[in-house]
Amino acid sequence: MPDLSDYISKKVPDAGDMCFGIVIAEKNPEIANALLHGTVETLKENGALPENIHVKAVPGCSELVYGAHQMTLRGFYDAVIVLGCAIKGETPHFQFLCEGLSFGIQRLNTTSEVPIIYGVLTTETYEQAKERSGGSKGNKGSESAIDAIKMAKF
């Protein structure tokens, strides 16, 4: 019987012939910039050419689905990455935002020919977001770049 390890590849495909769209939310700019830096650097480290990495900003996480959808309509991206950071506050807005964003990206992934990679941090605190955007927990942007390359080659 096959084992999952037979299918898992640690090797990242070469991204030299790929084009990537990145949609980033402007809220929490320190975190967003760290995610963006991790994403772009990882794409370039794996062969993506800078001129094939296109970044568009939207005001907040609520607008990421629209931005990603617009990029899928362009027809020349191999994958689209959404980046942002939602930090829980004192109201239920966080829950509604995260559920809507997750549902929207899921819907795009089932209706689009282009994979959409979810690189949005949803944390309880700003400190947790810093840890996950280049701190002790790694960089979700870098992870998202690897996922984008692998899914583009799927």
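Biologist: Taking helices (H or I, at least four residues) and strands (E, at least two) as DSSP runs numbered from the N terminus, where is Asn 28 placed?

Modeller: Asn 28 is in the loop between E1 and H1, and its phi is positive, at about 50 degrees, although the residue is not a glycine. This is a predicted model, in which local features need pLDDT of at least 70 and side-chain atom pairs count only at pLDDT 80 or more, while totals for chains, interfaces and linings use all residues. Residues are numbered from 1 along each chain as its sequence is written, and side-chain values use heavy atoms, with hydrogens and water left out.

Biologist: Is Asn 28 buried or exposed?

Modeller: With a relative accessible area of 25%, Asn 28 is partly exposed, since that class lies between buried, under 20% relative accessible area, and exposed, over 50%, with a 1.4 Å probe and protein chains only.

Biologist: On to the sheet, then; in what order do the strands come?

Modeller: The order is E2-E1-E3-E4, in an open sheet of four strands with parallel pairing, where two strands pair if DSSP finds at least two bridges between them. Strand E2 (53-58) and strand E4 (116-123) are at the edges with a single partner strand each, so one side of each has no neighbour in the sheet. From one strand to the next, the twist averages 15 degrees.

Biologist: How many bridges join E3 to E1, and how many join E3 to E4?

Modeller: Strand E3 (residues 79-87) is joined to strand E1 (residues 20-25) by five bridges and to E4 by eight. On the E1 side, Gly 21 is opposite Val 80 and Ile 24 is opposite Leu 83, while on the E4 side Gly 84 is opposite Val 120. E3 is also mostly covered, with eight of its nine residues buried.

Biologist: Which strands does H2 lie across?

Modeller: Helix H2 (residues 64-74) lies across E1, E2, E3 and E4, and its direction is at about 165 degrees to E1; axes are lines fitted to C-alpha atoms, for helices over the stretch in contact, and angles run from 0 to 180 degrees between N-to-C directions.

Biologist: And how do H2 and H3 cross?

Modeller: The axes of H2 and helix H3 (residues 93-111) come within 9 Å and cross at roughly 15 degrees. The two helices are therefore roughly parallel to each other, given that angles under 35 degrees count as roughly parallel, over 145 as roughly antiparallel, 65 to 115 as roughly perpendicular and the rest as oblique. Leu 64, Val 65, Ala 68 and His 69 of H2 meet Leu 101, Gly 104, Ile 105 and Leu 108 of H3, where contact means heavy atoms within 4.5 Å.

Biologist: What about His 69, is that one buried or exposed?

Modeller: His 69 counts as partly exposed, at 32% relative accessibility. Its C-alpha atom is separated by 9.6 Å from that of Val 114, which is 45 residues apart from His 69 along the chain.

Biologist: Last topic: at what angle do H1 and H5 pack?

Modeller: H1 and helix H5 (residues 140-152) pack at an angle of about 40 degrees, with their axes 7 Å apart, which makes H1 oblique to H5.

Biologist: Which residues make that contact?

Modeller: From H1 the contact has Leu 35, Gly 38, Thr 39, Thr 42 and Leu 43, and from H5 it has Lys 140, Gly 141, Ser 142, Ala 145, Ile 146 and Ile 149.
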